[in-house]
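Welcome! Let's take a walk through this structure together, one step at a time.

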Amino acid sequence: MSDFVEQCRREWRRLGVPDRLAEEMAADLASDLKEAEAEGVSAEELLGSSVFDPSSFAASWAGERGIIPVPPNRRKARRRPLVLAAFTGLAAITLIIAALLLLTGEPKVSLVASRAARPHFQAAPVPPTVIPPNGQVHASAAAPVEWILLFLAIVALGFAAWLWSSWGRSRPPVAPAQ
Amino acid sequence: MALGSQRRTELLRGVLDLCLLAVMEEGPAYGYEMTKRLRDRGLAIVGEGSIYPLLGRLERDGLVETYRAASNGGPPRKYYRPSSAGRLALALGVSEWRVARDAVDAVLAPVKVEVAS
C-alpha cells in the first residue's frame with residue numbers, strides 16, 4: 001500500500017499542495033493503511049473504490065480540505081465543453097448558411113405565394129399560412145427550408161447559450177490555497 | 001456494482017458526515033478509528049465511499065477540531081472531534097434525518113413485496 005500513498009504524494013505535488021500538508025496527509029493515510037492491514041482489513045474496506053484511483057482520491061481529499069479547487073469529475077468536465085462547443089458551432093454554421101441562402105441569390109423557398117403582378121423573389125419569405133385565398137400559389141413538395149433552418153438555428157443557439165451559462169454556474173469556485 | 005450496494009452507497013453518502021460527527025462525539029478519533037466505529041455498527045464503507053475527503057470538508061467548514069497525539073504505541077495521529085458548530089450541525093442533521101426516515105418509513109413500511117430467494 002506504500003505504492004498507493006506514493007501515488008497520492010505525487011498527485012499532491014503535481015497539484016501544488018504545500019509539502020507540509022501533503023506530508024501530513026500521506027503520513028495519516030500510511031498509518032491508517034498499516035493499522036488496517038495489521039488487523040486484516042483490506043485497503044478497499046478503508047478507502048472504497050478510491051483504492052483503484054489514487055490520483056482522484058488525492059485530488060478529492062485536497063480539494064475538499066480547501067487546499068486546491070475541488071476537482072470536478074475530470075472526464076466529464078473535459079467532455080462537456082467539447083460537446084457544447086460542437087453543438088454551438090453546428091448551430092452557428094446552420095444559422096450562417098440559412099442567412100446566406102435567404103440573403104443571396106434566387107429564392108429557394110419552394111412554397112411561394114404571390115399575386116400575378118408580384119415579382120417572384122418578393123414572395124419568397126411569405127409562409128404558407130398567409131397565402132391569400134385568391135392568390136396564385138407556386139407550390140412544390142418541399143418546405144421553406146431556409147426559414148426552417150434559420151428558426152432551428154436560432155432555437156439551437158439559444159439552447160446552447162443556456163447550456164453554457166448553466167455549465168458556468170455549475171463549475172466549482174476556486175478555493176483559496178491554505 | 002450491484003444495485004443494492006449502489007443504493008446503499010447513495011443513501012450513505014447523504015448522511016456519512018452525520019455518522020462521522022456522531023462517532024467523533026463519542027470520543028476523539030483518527031481516520032481509521034472512525035472507520036472501525038462505523039463498521040462495528042454494521043456501516044461498512046462501500047462503493048465510492050471514503051471518509052478522508054469528507055473529513056477534509058468537515059475540517060474546512062469548521063465543523064471539526066483537530067489535534068495531533070500519539071496513538072496506542074503507534075505514530076502520532078490526527079484526531080478529530082466535533083467543534084461547537086459541528087455539534088449544532090449534528091443535532092440539526094439528526095433531526096432532519098429522523099423526519100426523512102419517518103416519512104420514508106410511512107411510505108415503505110406497508111410494502112409487503114418479498115424477493116424470492
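**Where to read with care**

In residues 172-178 of chain A, pLDDT stays under 50, and the model gives this stretch 13 contacts beyond four places in sequence. That is a good reminder that you are looking at a predicted model. A second stretch of chain A, residues 135-142, also has pLDDT under 50 throughout, with 19 contacts beyond four places in sequence. Where pLDDT is low, the predicted coordinates should not be read in detail. For chain A as a whole, the mean pLDDT is 75, and 65% of the residues reach 70 or more.

Now turn to the place where the two chains meet. Here 23 residues of chain A are in contact with 21 residues of chain B. Between them, the two chains bury about 1900 Å², and carbon and sulfur atoms give 45% of that area. On the chain A side, the residues that lose the most area to chain B are A:Asp32, A:Leu46 and A:Glu64, which together make up 27% of what that side buries.

What holds charged partners opposite each other here? The rule finds eight salt bridges across the interface of chain A and chain B. One of them pairs A:Arg65 with B:Glu59, whose closest N and O atoms are 3.6 Å apart. There are also 14 residue pairs in polar contact between the chains, counting pairs with both residues at pLDDT 80 or more.

Which elements of chain A give two or more residues to this side? They are helix 2 (19-38), helix 3 (43-47) and helix 4 (54-65). Helix 2 gives the most, with seven residues. By class, the side of chain A that touches chain B has eight nonpolar, seven polar and eight charged residues.

How values were computed: Residues are numbered from 1 along each chain as its sequence is written. Chains are lettered from A and ligands numbered from 1 in the order in which they are written. This is a predicted model: local features need pLDDT of at least 70, side-chain atom pairs count only at pLDDT 80 or more; totals for chains, interfaces and linings use all residues. Side-chain values use heavy atoms; hydrogens and water are left out. Contact means heavy atoms within 4.5 Å. Buried area is the accessible area (1.4 Å probe) that two parts lose on being put together, summed over both. A salt bridge is a side-chain nitrogen of Lys or Arg within 4 Å of a carboxyl oxygen of Asp or Glu. A polar contact is a pair of N or O atoms within 3.5 Å; within protein, one must be able to donate a hydrogen and the other to accept it, and residues adjacent in sequence count only if both atoms are side-chain atoms. Helices (H or I, at least four residues) and strands (E, at least two) are DSSP runs, numbered from the N terminus. Ala, Val, Leu, Ile, Met, Phe, Trp, Tyr, Cys and Pro count as nonpolar, Asp, Glu, Lys and Arg as charged, and the others, Gly among them, as polar. pLDDT is the predictor's confidence in each residue, from 0 to 100.
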